[in-house]
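Work through the exercises below with the sequence and the 3D view open. Try each task before reading its solution.

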Amino acid sequence: SAEPAAQSPMKLMALQLLLWHIALWMVPEAAPLSPASSLPQSFLLKCLEQVRKIQADGAELQERLCATHKLCHPQELVLLGHSLGLPQASLSSCSSQALQLTGCLNQLHGGLVLYQGLLQALAGISPELAPALDILQLDVTDLATNIWLQMEDLRMAPASLPTQGTVPTFTSAFQRRAGGVLVVSQLQSFLELAYRVLRYLAEP
C-alpha cells in the first residue's frame, strides 16, 4: 500500500540523522592511534559480547512496542523526539581514522550513562514492556561499569563519574512508549558505532 506523503519529510529527517551518525565516525579528530592499544583483549572481547547482547535486548523491546502498541517506525516519531528534547550521545573521539583512546572510552562510557538515564525515564512504560526494559537497563549498566573499571585500571578515568545530564520528562503513557521507540533506536545506532570501535581496537 502507498504510504502517506506526509511521512516523506520525517523519512528525510531520519536519513539526515543517520548520515550525521556516519559523519561522526568519519571525522578525524587528532593524531591517529594504533589499534594495538593498551586495552586487554579479554576486556575488548567481553565488551563486544555485551554490545551484541544489548542490541538483542533492544530489538526485543522494539518488537514488543511494535506488536503491542503499533509503534513500529522511529522515523515517524522524529518530530516528537525533537519536541521532547531527547539528547544524543556522540562518539566523535572514536573516529576510525584518528582515535583518541582516553576520549573515546570517556564518550563510550558517557553515552551509556546517558542511555541509562533515558531508559530509567521510561519507567512505567507498560506492564507488558517492563521486563524487557529492565533487562535492557541492566545490560547497559553492566557494560558501562565494565568500561569504567577498565578506565580506572589504566588510570584513564576522570576524577568523578559523569552525570546523566538533563533527561526529558515523559508526561503520558503515549510519550513513554513513543519515547521508548526513539531512545532504543538511538541506542542501537550508538551501539553499532561502539561495536565498530571496539572491533577496531581488538584487531591484532
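**Exercises on a helical chain**

Read along the sequence, the chain runs α-α-α-α-α-α. The model is predicted: local features need pLDDT of at least 70, side-chain atom pairs count only at pLDDT 80 or more, and totals for chains, interfaces and linings use all residues. Residues are numbered from 1 along each chain as its sequence is written, and side-chain values use heavy atoms, with hydrogens and water left out.

**Exercise 1. Take stock of the chain.**
Task: State how many helices and strands there are in the chain.

Solution. Step one: fix the terms. Helices (H or I, at least four residues) and strands (E, at least two) are DSSP runs, numbered from the N terminus. Step two: count. The chain has six helices and zero strands. Step three: look at burial. Of the 204 residues, 44% are buried (under 20% relative accessible area; exposed is over 50%, partly exposed in between; 1.4 Å probe, protein chains only). Step four: look at contacts (heavy atoms within 4.5 Å). Among those between residues at least 6 apart in sequence, 87% join residues at least 24 apart.

**Exercise 2. Describe how α4 and α5 pack.**
Task: Find the angle between helix α4 and helix α5, and how far apart their axes are.

Solution. Step one: locate them. Helix α4 covers residues 101-121 and helix α5 covers residues 130-153. Step two: read the geometry. They pack at about 155°, with axes 9 Å apart. Axes are lines fitted to C-alpha atoms, for helices over the stretch in contact, and angles run from 0 to 180 degrees between N-to-C directions. Step three: classify. The angle makes α4 roughly antiparallel to α5 (over 145 degrees; under 35 is roughly parallel, 65 to 115 roughly perpendicular, the rest oblique). Step four: name residues. The contact includes Leu105, Leu108 and Leu112 of α4, and Val140, Ala144 and Ile147 of α5. Step five: sort by class. The contact has twelve nonpolar, six polar and no charged residues. Here Ala, Val, Leu, Ile, Met, Phe, Trp, Tyr, Cys and Pro count as nonpolar, Asp, Glu, Lys and Arg as charged, and the others, Gly among them, as polar.

**Exercise 3. Repeat for α2 and α6.**
Task: At what angle do the axes of α2 and α6 cross?

Solution. Step one: the axes come within 9 Å and cross at roughly 160°. Step two: that makes α2 roughly antiparallel to α6. Step three: the contact of α2 with α6 divides into 16 nonpolar, eight polar and four charged residues.

**Exercise 4. Explore the core.**
Task: Which residues have the most contacts inside the largest nonpolar core?

Solution. Step one: define it. A nonpolar core is a set of buried Ala, Val, Leu, Ile, Met, Phe, Trp, Tyr and Cys residues joined through side-chain atoms within 4.5 Å. Step two: the largest has 56 residues, and Leu108 and Ile147 have the most contacts inside it. Step three: α6 gives the most to this core, with 16 residues. Step four: follow Ile147. Beyond residues up to four places away in sequence, Ile147 touches Phe43, Cys47, Leu105, Leu108, His109 and Leu112.

**Exercise 5. Check Lys70 and Arg155.**
Task: Is Lys70 buried or exposed?

Solution. Step one: Lys70 lies in the loop between α2 and α3. Step two: Lys70 is exposed, at 64% relative accessible area. Step three: its phi is near 60°, a positive value in a residue other than glycine. Step four: Arg155, in the loop between α5 and α6, has phi near 55°, also positive. Most residues other than glycine have a negative phi.
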